[in-house]
Amino acid sequence: MFSCLHTFDEPHSEYLNSLSLSPDGILLVGCFHNLVKVWDLTTGNTNHSFELHGDRYGHFNTLVNPDWKSIISNDRYGNLRTYDFWTGEEVFCFQGDSSALAFTPDGKGISLGLTISQLA
């Protein structure tokens, strides 16, 4: 059986659309509409947060790169945007409409549905 470690009771007006867990199991990343929040699982406290840009209707499939230096998200207009994980600054934006995203294990490529692309 599983036991509950933490319950995060921070109220938020938007729905949670994605979660990522750090490889060391210490950080939990959640994306609510256009807000990314990072929690420290050892304390349950918010580590940091930042706003995503581009789509006023929100981002979907927000995903953390395995190197924990960047995140990528897609919006309803077919834009994929990468952001610096620690500052929230947008790094680049490109067209690549997909409802499913996945990083390659080395973090240098990304799968857009059934297509794999090399990241710059």
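Two strands count as paired when DSSP finds at least two bridges between them. Strands themselves (E, at least two residues) and helices (H or I, at least four) are DSSP runs, numbered from the N terminus. With that in hand, welcome to an all-strand chain: the protein has 0 helices and 11 strands, and along the sequence the pattern reads β-β-β-β-β-β-β-β-β-β-β.

A word on the ground rules. This is a predicted model, where local features need pLDDT of at least 70 and side-chain atom pairs count only at pLDDT 80 or more, while totals for chains, interfaces and linings use all residues. Residues are numbered from 1 along each chain as its sequence is written, and side-chain values use heavy atoms, with hydrogens and water left out.

## Two open sheets

Let us start with the sheet that has the order β1-β2-β3-β4, an open sheet of 4 strands with antiparallel pairing. Its edge strands are β1 (16–21) and β4 (46–51), each of which pairs on one side only. Neighbouring strands here are turned by 15° against each other on average, direction ignored; for such angles, axes are lines fitted to C-alpha atoms (for helices over the stretch in contact), and angles run from 0 to 180 degrees between N-to-C directions. Within this sheet, β3 and β4 run antiparallel and are joined by 5 bridges. One residue to look up there is V36, whose bridge partner in β4 is F50.

Another open sheet is made of 4 strands in the order β5-β6-β7-β8, again with antiparallel pairing. Because β5 and β8 stand at the edges with a single partner strand each, one side of each is left without a neighbour in the sheet. The twist from one strand to the next averages 20°. In this sheet β6 and β7 are antiparallel and joined by 5 bridges, with S70 standing opposite D84 in β7. The pairing of β7 and β8 is likewise antiparallel, over 5 bridges, and Y83 has E90 as its bridge partner in β8. The hairpin of these two strands, β7 and β8, has 5 residues between them, and in it G88 takes a positive phi near 80°.

## What lies inside

Of the 120 residues of the protein, 45% count as buried, meaning under 20% relative accessible area, with exposed set at over 50% and partly exposed in between (1.4 Å probe, protein chains only). In soluble globular proteins, nonpolar side chains tend to be buried together. A nonpolar core here is a set of buried Ala, Val, Leu, Ile, Met, Phe, Trp, Tyr and Cys residues joined through side-chain atoms within 4.5 Å.

The largest such core has 12 residues: L27, V29, C31, V36, V38, F50, L52, V64, W68, I71, Y83 and F85. Two elements, β2 (27–32) and β3 (35–40), give two or more residues to this core, and β2 provides the largest share, 3 residues. Apart from this core lies another, of 5 residues, including I72, L80, F103 and I110.

Y83 belongs to the largest core and deserves a closer look. Leaving aside neighbours within four places in sequence, Y83 is in contact (heavy atoms within 4.5 Å) with F50, L52, H53, H59, K69, S70, I71, S73, G88, E89, E90 and V91. Among contacts in the protein between residues at least 6 apart in sequence, 30% join residues at least 24 apart.

## Aromatic pairs and a salt bridge

The whole structure holds 4 aromatic pairs. Rings of Phe, Tyr and Trp (its six-membered ring) pair if their centres lie within 6.5 Å; planes under 30 degrees apart count as stacked, over 60 as edge-to-face and the rest as tilted. Two of the pairs are set out here.

| Pair | Centre to centre | Angle of planes | Class |
|---|---|---|---|
| W68 and F85 | 5.1 Å | 85° | edge-to-face |
| F85 and W86 | 4.5 Å | 85° | edge-to-face |

W68 lies in the loop between β5 (59–64) and β6 (70–75), and F85 in the loop between β7 (79–84) and β8 (90–95), so their pair ties together parts 17 residues apart in sequence. W68, F85 and W86 form one aromatic cluster. Within the cluster, W68 is buried at 11% relative accessibility and F85 is buried at 0%, whereas W86 is partly exposed at 46%.

There is also 1 salt bridge, defined as a side-chain nitrogen of Lys or Arg within 4 Å of a carboxyl oxygen of Asp or Glu. It joins E90 with R81, the closest N and O atoms being 3.3 Å apart. E90 is partly exposed, at 29% relative accessible area, while R81 counts as buried at 12%.
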